[in-house]
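Trainee: I should like to learn how the features of a model such as this one are read. May we go through them in turn?

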Amino acid sequence: MKYTKGEKLFNIFNILILSIVGLIMLYPLLYIFIVSISTMAGAGAGLIPKEITFSAYRIVLGSKELLTALGVSLLRTVVGTSITVVVTAMCAYALSIKKLPHRNAIMFLIVFTMLFSGGIVPTYMVVKGLGLIDSFFVYIFPMLLDVFCILILKNYFEQIPESIIDSGYLDGAGDFNILFRLYIPLSKPVVATVALITALGHWNSWFDSMIYINNPDLKVLQLFLREMIVESNFFYHYSNAIMVNSENISSETIKAAIVVITILPIFIAYPFVQKYFVKGIMLGSTKE
Amino acid sequence: MNIKLFKKYRGAYLLLLPAILFFIIFSYIPMSGLVIAFKDFRLGLGIIGSPWCGLENFQVLFENANFIRVIRNTLVISFLKLFFVLVVPIILALMLNEVRLSAFKKGIQTLTFIPHFISWVILSGIFLMLFGIDGPLNKLIVSSGGDPIGFMTSDVWFITIIIATGVWQTAGYTAVIYLAAISGINPNLYDAASVDGANRWQQTWYITLKALQPTIIIMFILSVGGVLNSGFDQIFNMYNPQVYDVGDILGTWLIRRFEVLDFAGAAAGGLLQSVLGMFLVCLTNSLSKRFAGKESGLW
């Protein structure tokens, strides 16, 4: 293809602007990483650390509070995601059966919860009434299902030919077996997407931990980080450690190290996210 | 219900049961719990035992000068965000679409997509440091001879940063959705247009943007739904009492009411938020159906 002069100029300009956009996206993330490995003297606005030190990570990973919070976060992500994927698939399967009596009414009642909610006060009272305050299960049950995930999975299931169900019935398989032996293996990318959305949601949650949990041993990592940054609980936890280690690092270095530790799992998951996320959403969200 | 039909679909209903229980317990019971907004709630008496008080809780809300301020802030931040969060990704997607170097395109897409998956707790940790009084930005300003700026404590700067970081977080993700829609456009359309003498601007305007219209409308309706929420996570993690004048929004104010155990007040405010939010979504949906054709809109 031949470009005119104007188009050539535009292409250069376009690439230039997009490169700047890329830098703006990258800078905050790189900066926090650089701070986390710099000594007090070494942290400037630039991205090249003058003096590298890993003592922030040593201090942080040596503290019981952070390891506990990390464990709670990992546990809720693994347990929560597994249960949610199973229950979401069960729900989506039933709703994908076009002849299911009252299907439209049930769909409406489910989608309506996206538009209208009771809000924080009544929800708190329900959670309290169920005895979930200060219980690990408060991380699992209140966010068991997400309407968006149900919809993308349901839309995908609907594209599976109904003859598969019928042949399953003929072979004497129940709905449970049809779902787990036939439907889920046929829908791997979309199931993976649902699992990723759910896992990221669990990993990134902090609000439930702040509202429902008082026991410090049950706090999630995100809340631990929030208390460190926003509520400046910093000195309570780490000023001693810095003094004992007599390290030449600032409180910013420690905060940055915690931020990096919290982001790390997301970066590890990111290649999978890229692979499945967009594809899954596009596959599942085709309008009826 | 027909017993025979029910028997036939017994298995399916059984699979649906956990979901039904979930939505009853965590959505519909809380909704009915909203009656607390019309009650003179006392902790000792519980929701059912507390006496009715009509609209008194709402009256108290509107007589509170802070509440009026909170409503104003919510609307200002929401509409600014609605505009920028809608427009920037469209421009980004169109620009990415013009890039012929696929490796470069993919790289930029990857970079802009990342922040969508990072929580506002982490992001606020990063931004509070970047824009802090002795953060890198202020170091740069000071070293070039200026005075440090209190980015997070000055009203105008705070709002600017909220909008800018909001765009920073969501633009890449939304752009990817637009790009997917663009890739579905029939390439023959462009060929036909260029035969007719349309230049690239005209092609972008008349073909690409036209084809994106339904997606844009859906994204718009979805973001209108979040208008009254206007990014609770973001603001709750980034604001501080010095910028309450412009930064305190409905969500953050309600959570502070909740923390001081003003349950009835928080529930009344929450009810207003939910009802208005639903009203706005329905309004936008019917408007878009009216002006952009029956096919557009969420339902």
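The dialogue below takes up confidence, fold, helix packing, the interface and single residues.

Trainee: Where should a reading begin?

Mentor: It should begin with confidence, since this is a predicted model. Where pLDDT is low, the predicted coordinates should not be read in detail.

Trainee: What average pLDDT does chain B have, and which elements of chain B have the lowest and the highest mean?

Mentor: The average for chain B is 88, and 97% of the residues score at least 70. Among the elements of chain B, the lowest mean pLDDT, 79, belongs to helix α1 (residues 3–8), and the highest, 94, to α2(B). For the complex, the predictor gives an ipTM of 0.89 and a pTM of 0.89.

Trainee: How many helices and strands does chain A have?

Mentor: Chain A has 13 helices and zero strands. Of its 288 residues, 37% count as buried. As for contacts in chain A between residues at least 6 apart in sequence, 76% join residues at least 24 apart.

Trainee: How is the packing of two helices described?

Mentor: Two packed helices are described by the angle between their axes and the distance between the axes. In chain A, helix α3 (residues 64–96) and helix α9 (residues 188–204) pack at an angle of about 145 degrees, and their axes are 9 Å apart. The crossing of α3(A) past α9(A) is right-handed.

Trainee: Which residues meet in that contact, and how do they divide by class?

Mentor: From α3(A) come S73(A), R76(A), T77(A), G80(A), T81(A), T84(A), V85(A), T88(A) and A89(A); they meet V191(A), V194(A), A195(A), T198(A), A199(A), H202(A) and W203(A) of α9(A). The residues of this contact between α3(A) and α9(A) divide into seven nonpolar, eight polar and one charged.

Trainee: At what angle do α5(B) and α11(B) pack, and how far apart are their axes?

Mentor: The angle between α5(B) and helix α11 (residues 200–225) of chain B is about 145 degrees, with the axes 11 Å apart. Here too the crossing is a matter of record: α5(B) passes α11(B) in a right-handed sense. L82(B), V85(B), L86(B), I90(B), L94(B) and N97(B) in α5(B) meet T204(B), T208(B), I216(B), M219(B), F220(B) and S223(B) in α11(B). By class, this contact of α5(B) with α11(B) has eight nonpolar, four polar and no charged residues.

Trainee: How is the size of an interface expressed, and how many residues are in contact here?

Mentor: The size of an interface is often given as the accessible area lost when the parts come together. In residue counts, 64 residues of chain B are in contact with 62 residues of chain A. Among the elements of chain B that give two or more residues to this side are α2 (10–32), α5 (65–98), α9 (155–183) and α15 (263–292). The largest share, 15 residues, comes from α2(B). By class, the side of chain B that touches chain A has 48 nonpolar, 13 polar and three charged residues.

Trainee: Is P30(B) buried or exposed, and why?

Mentor: P30(B), which lies in helix α2 of chain B, counts as buried because it has 24 C-beta neighbours inside 10 Å, and 20 or more are required. Leaving aside neighbours within four places in sequence, P30(B) is in contact with S117(A), G118(A), P122(A), T123(A) and V126(A).

Trainee: What is the sign of phi in H102(A) and in D134(A)?

Mentor: Phi of H102(A) is positive, near 65 degrees, in a residue other than glycine. H102(A) is found in the loop between α3 and α4 (103–115) of chain A, and is partly exposed, with 14 other C-beta atoms within 10 Å. D134(A), likewise a residue other than glycine, has a positive phi near 60 degrees. D134(A) is in the loop between α5 (120–129) and α6 (147–158) of chain A, and counts as exposed because 12 other C-beta atoms lie within 10 Å.

Trainee: How does the span of α15(B) compare with the expected value, and what follows this helix?

Mentor: The 30 residues of α15(B) reach 42 Å from first C-alpha to last, close to the 44 Å expected at 1.5 Å a residue. After α15(B) comes G293(B), whose phi is positive, near 95 degrees.

Conventions. Residues numbered from 1 in each chain as written. Chains lettered and ligands numbered in written order. Predicted model: local features only at pLDDT ≥ 70, side-chain atom pairs only at ≥ 80, totals over all residues. Axes fitted to C-alpha atoms, helices over the stretch in contact; angles between N-to-C directions. Helix = DSSP H or I, 4+ residues; strand = E, 2+ residues; numbered from the N terminus. Left-handed = near helix turned anticlockwise from the far one by under 90°. Contact = placed C-beta atoms within 7 Å. Nonpolar A, V, L, I, M, F, W, Y, C, P; charged D, E, K, R; others polar. Expected span 1.5 Å × (residues − 1). pLDDT = per-residue confidence, 0-100.
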